[in-house]
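Me: I am new to this structure and would like to go through its salt bridges step by step. Could you look at it with me?

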Amino acid sequence: MALHKTSLQALLSGPSVSSEYARDPQQTPAQIAKNLYGNGSLKVDDSDEESKNKPDDDGHTKLEKEIADLSARIDPSALDLTRFGPTPPSPLFLRIYASILASITSPEGPGILSGMTSPSLLACSGVTPLAIITPLADIVKHMANVIVRAKKEVFLATNFWINSDSSHLITDAIHELNRRVASRGGPKVIVKVLYDRGNPKQLITNHQPVPPSTYTGDKVALPAPESIPNLHMQVLNYHVPLVGTFHSKFLVVDREVALLMSNNIQDNDNVEMCVQYEGSVVDSLYDVCLNSWAVELDPPLPCREEPAAQKGFPSYDDPTFMALFGNDATKESISLQQVVEAGHQARDQLTEGTQGTKEDLPELLPGEPHYDPTIAGEIRRIQAAYAPKANETHLQAVSRHFNITKVQKADGGVQPTAPEPKDGSLVNETEMTPYIPLPPSAFPPFSSAQPTSGPTPIPMCVVSRAPYGTPLFEASKAIRYPQNVAFMLSIMHATESVFIQTPNLNAAPLLPALVAAVRRGVTVEMWVCLGYNDAGELLPYQNGTNEMIANRLYNDPSLHPEGAAPLTPEEKSRLKIYNYIAKDQDRPIHNKFKKRSCHVKLLIVDNHLAIQGNGNQDTQTWFHSQEVNVMLDSKEVCARWMEGIRRNQNTEIYGRVSTEDGCWHDPTTGAMPEGSIGTDPGRFSWATGIVGAVQRVRGAGGF
């Protein structure tokens with residue numbers, strides 16, 4: 001049945017939680033949401049879940065058909081598309097957006113705010129001036145630089161916050177911000193910190209204020225109020241018991257810049273991904289901040305009446321950032337190699353001007369506050385950190401920078417096993433490039449009649465999901481959350497290619513959709529991390545490890561229509577599954593050793609539609625955790641992200657698994673990597689799963 005056009009238009013053009021908060025900041029976001037949208041409670045359907053996840057004769061599960069039927073409830077051509085900016089969205093993007101609207105407004109749907117964003121702000125636009133693909137600490141360094149530049153407010157959200165070198169980078173930045181506010185004579189900057197550290201009190205109240213006596217303790221070690229008198233910091237602990245984890249990780253500063261990342265605030269061996277967003281998308285993510293916080297903000301956020309949509313694109317207004325691209329800024333396209341060369345040129349000009357060396361750019365480290373006023377300065381500094389020192393090869397420099405934890409540094413540190421570049425030096429085609437700036441030409445005008453002096457914002461949509469704490473949860477309900485609608489429809493309607501990088505992939509609704517895509521001629525490329533959180537994935541209802549799932553995708557008849565033949569060799573060749581391999585390695589290292597792992601979360605379909613953010617492709621993400629993701633529509637941006645993904649790891653070169661069993665084997669000996677469980681974890685895998693669950697709660701496991 002079609003949705004009533006008038007009521008939908010009223011919802012999309014009406015007030016949002018953030019606009020009502022701007023009008024009356026004494027209200028809590030939760031009260032505003034209730035007044036605007038009601039309780040948004042989840043309706044329970046007792047229908048048979050197993051039959052819904054079984055492909056029928058045409059290869060589609062009933063779950064897939066339910067999700068596909070959503071788009072029939074709303075005519076995409078009747079929607080107001082102005083919030084997407086001057087560039088029209090693609091039919092696939094628009095179909096997903098319409099289906100999300102149908103899902104959240106449907107009586108059987110998960111609720112109006114199941115995407116943690118007010119409906120009027122789901123559609124948005126913006127630019128992504130910087131992508132970061134690198135070990136966790138390098139992303140936290142950018143977070144620190146963004147924090148010290150704050151003028152009015154900082155909103156930092158993360159899943160794990162663990163006292164560590166990474167957390168010290170953030171607390172150092174908070175102290176530096178306090179110093180800068182004092183030097184400019186105020187006003188005080190408001191700082192909000194939101195994290196998930198399970199507390200029995202959350203059985204009654206999910207959002208627990210954290211007093212200074214707790215957050216200044218050894219486990220968190222945030223600054224005491226008396227040590228930062230020029231800031232006003234409020235800390236909140238959020239979890240929905242039992243398993244409704246706050247898995248989100250984002251940073252919004254001055255309602256002008258937003259960072260959406262895969263990393264928590266802790267030390268580990270992960271390579272992660274972070275994207276900086278500017279434009280009206282920041283207003284949408286600001287709304288996510290409020291809906292996530294839910295309770296009283298004391299004091300109120302000062303930028304509540306200053307929409308990002310009115311602030312332009314600050315990175316492209318910075319002449320030092322634009323100078324990175326030299327005379328190439330007006331080209332139709334620019335390669336990552338050209339961007340790196342421009343960044344190198346700017347770095348070399350700095351070092352030559354001071355008659356020094358690359359050591360003149362000391363690295364930003366805990367207790368060593370070398371901040372940069374601009375992104376361009378950050379790029380010069382981070383590239384200098386990856387430059388070989390005396391008597392050091394290119395890959396030895398990469399290994400040095402990757403080896404940051406005690407485990408990685410033990411016994412002389414993890415050594416490179418990949419071959420060096422042929423000339424043994426830093427070459428632009430192969431250099432590890434953690435910070436990837438995108439030129440204005442990555443956001444070209446839709447028509448020649450539009451101005452070309454700056455970037456043109458691209459269509460975006462916030463595709464997230466609210467937490468759900470009950471351990472057992474029907475797939476037919478989980479699939480209707482905006483995040484999962486976007487994941488499913490993008491794969492179901494892919495016509496050329498699907499690329500997924502995720503630490504683990506085992507969400508049951510996803511598996512038949514991937515096989516169906518391969519059968520209809522789509523190339524499916526999956527990059528997963530060997531052994532990532534294997535213990536946790538062996539728990540009942542979690543659906544298994546990456547090796548088990550890869551084997552099933554190649555060989556499990558239950559993922560095919562009844563009576564269908566197995567995948568042919570040609571079809572298997574289109575299902576390309578890889579284990580993550582670090583930039584300095586030529587083989588995967590099992591996650592249990594905590595030496596080289598990957599935690600990137602990215603989906604790209606048909607080379608133009610991307611979903612980036614916090615969400616994995618596992619059962620926990622699909623069914624329970626709060627996740628925040630942005631979907632965007634841009635061939636240029638997708639191309640640059642893929643360049644960085646392929647360049648900053650060796651996964652594509654060495655990581656392909658066997659199409660016979662879904663496992664990685666040594667190309668010479670045929671042996672599986674040390675620690676590999678393989679396709680059969682054994683009779684007592686549930687016991688291992690319980691250990692993994694305990695580690696996850698303690699912050700020791702992967703998440």
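Me: Is arginine 646 buried or exposed, or does it fall in between, and what is its relative accessible area?
Reply: This is a predicted model, and the answer rests on values computed from it. A residue counts as partly exposed when its relative accessible area lies between the limits of 20% for buried and 50% for exposed. Arginine 646 falls in that middle class, as its relative accessible area is 28%.

Me: Which residue does arginine 646 meet in a salt bridge?
Reply: The two side chains come together with N and O 2.9 Å apart. The partner is partly exposed, at 37% relative accessibility. The residue that arginine 646 meets is glutamate 652.

Me: Which residues are joined into one network by salt bridges that share partners?
Reply: Sharing of partners is what links these salt bridges into one network, and a search of the whole structure finds 19 salt bridges. The residues joined in this network are Asp138, Lys141 and Glu363.

Me: How many residues apart in sequence are the parts that arginine 596 and aspartate 584 tie together?
Reply: Arginine 596 and aspartate 584 form a salt bridge whose closest N and O atoms are 2.8 Å apart. Arginine 596 is buried at 2% relative accessible area, and aspartate 584 is buried at 0%. Both lie in the loop between strand E13 (575–579) and strand E14 (597–598), so the pair ties together parts whose separation in sequence is 12 residues.

Me: What is the N to O distance in the salt bridge of arginine 552 and aspartate 556?
Reply: Arginine 552 is partly exposed, with a relative accessible area of 24%, whereas aspartate 556 counts as buried at 17%. Their side chains meet with an N to O distance of 2.7 Å.

Conventions: Residues are numbered from 1 along each chain as its sequence is written. This is a predicted model: local features need pLDDT of at least 70, side-chain atom pairs count only at pLDDT 80 or more; totals for chains, interfaces and linings use all residues. Side-chain values use heavy atoms; hydrogens and water are left out. A salt bridge is a side-chain nitrogen of Lys or Arg within 4 Å of a carboxyl oxygen of Asp or Glu. Buried means under 20% relative accessible area, exposed over 50%, partly exposed in between (1.4 Å probe, protein chains only). Helices (H or I, at least four residues) and strands (E, at least two) are DSSP runs, numbered from the N terminus.
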